[in-house]
Structure formats: structure tokens, C-alpha cells
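Please walk through this protein with its sequence and structure open side by side. The explanation begins with one loop residue and then moves outward to the fold, the cores and a few selected positions.

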Amino acid sequence: MRIIVSVPGRFHGFELARELQNRGHLTKLVTSYPKSEAEKYGVPKEKICSILLKEILQRGWKKLPFIKNWYNPYPVMEFYDRLAAGYLSEGDLCIAFSGAGLHTMRK
């Protein structure tokens, strides 16, 4: 079985991807973290798709003094989800994390 894991951030998705890799089922890990961070958990670099712009937008938004009190993560998660859905070409199953899976699951 070919499995794709889509996790906006880290959560326990990197550990899941590592264990799927050890069993020969991981096709791709889509994350908003850098490839180097996911590699630390034993996921091969060639199986990692990194959408760094999500982390840059989210962390940058929270730093703005006039916005930080009413931060809404929905637009950033929606952005990540739409980009992550584009990486689903060669899998049998997709595991999507934390509110960023609507477009991914539809595809």
C-alpha cells in the first residue's frame, strides 16, 4: 500500500511517516517544516515535500502587533491544504492532519 502523510507542522506525523517508511508503505510526507527537520526523524529526504510558505505566513502573522490579538489560522491552513492536495498523485491512502485536509480528501 502506498500512503501519503500530510501534516501542517509536525505533531506526531513525522513519527508516523518514519514507521510507515520502515514498513515500506510511505510514498510521501507533505509538511510545512523544512526537509532537514523531517530527516531528523528518519524520513528520507526524497520522500519529503516541504511547503515552507505556510510556516512563514503563520509565524509572521503572529508577530504583527496590530494583528496578533485576532489571529485567524483558517486562511493559512486553507492555503496549505490547497497546495498539499497537489502532491497526491501516486498514493492509495492519504492521512491528513489538523484542519488542513478538506481539499486533500476531496482530491
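Phe11 lies in the loop between strand 1 and helix 1, and in this predicted model its phi is near 45°, a positive value in a residue other than glycine. Most residues other than glycine have a negative phi. With a relative accessible area of 47%, Phe11 counts as partly exposed, because that value falls between the limits of 20% for buried and 50% for exposed residues.

The loop that holds Phe11 belongs to a protein with five helices and four strands, and these elements follow one another from the N terminus in the order β-α-β-α-β-α-α-β-α. Along its principal axes, the C-alpha trace spans about 50 × 30 × 20 Å. For 107 residues, a compact globule would have a radius of gyration near 13 Å, and the 14 Å of the protein agrees with this. Of the 107 residues, 39% count as buried, and among contacts with a separation of 6 or more, 45% are made by residues 24 or more positions apart. The accessible surface comes to about 6200 Å², with 57% of that area belonging to carbon and sulfur atoms. As for charge, the protein carries 17 positive and 10 negative charges, whose mean positions are 5 Å apart.

The interior can be described through its nonpolar cores. The largest of them has twelve residues, namely Ile3, Val5, Val7, Phe14, Ala17, Leu20, Leu26, Leu29, Ala38, Val43, Ile48 and Phe97. Strand 1 (3-7), helix 1 (13-22) and strand 2 (26-31) each supply at least two residues of this core. A second, separate core has ten residues, among them Val30, Met77, Tyr80 and Ala84.

Two members of the largest core show how it is joined to other parts of the chain. Ala17, when residues up to four places away in sequence are not counted, touches Leu26, Leu29 and Val43. Phe14, which is found in helix 1, counts as buried because its relative accessibility is 0%. Leaving aside neighbours within four places in sequence, Phe14 is in contact with Val7, Gly9, Leu29, Thr31, Tyr33, Glu37, Ala38, Tyr41 and Val43. The C-alpha atoms of Phe14 and Lys40 are separated by 9.1 Å, although these residues are 26 residues apart along the chain.

In the second core, what surrounds Met77, apart from residues up to four places away in sequence? Met77 lies in helix 4 (residues 74-85) and touches Pro8, Lys54, Ser98, Gly99 and Ala100 under that restriction. Met77 is buried, since its relative accessible area of 12% is under the 20% limit. Met77 and His103 are 26 residues apart in sequence, and their C-alpha atoms are 11 Å apart in space.

A charged side chain completes the tour. Glu55, placed in helix 3 (residues 52-63), is buried, with a relative accessible area of 11%. Once neighbours within four places in sequence are left aside, the contacts of Glu55 are with Gly9, Ser32, Tyr33 and Gly60. Gly9 and Tyr33 also appear among the contacts of Phe14, so a reader tracing both lists meets these two residues from helix 3 through Glu55 and from helix 1 through Phe14.

How values were computed. Residues numbered from 1 in each chain as written. Predicted model: local features only at pLDDT ≥ 70, side-chain atom pairs only at ≥ 80, totals over all residues. Heavy atoms only, no water. Rg over C-alpha atoms; globule rule 2.2 N^0.38 Å. Buried < 20%, exposed > 50% of the residue type's maximum accessible area, 1.4 Å probe, protein only. Contact = heavy atoms within 4.5 Å. Areas by Shrake-Rupley, 256 points an atom, 1.4 Å probe, with all protein chains shown as cover. Lys, Arg positive; Asp, Glu negative; His and termini not counted. Charge placed at Lys NZ, Arg CZ, Asp CG, Glu CD. Core = buried A, V, L, I, M, F, W, Y, C linked by side-chain atoms within 4.5 Å.
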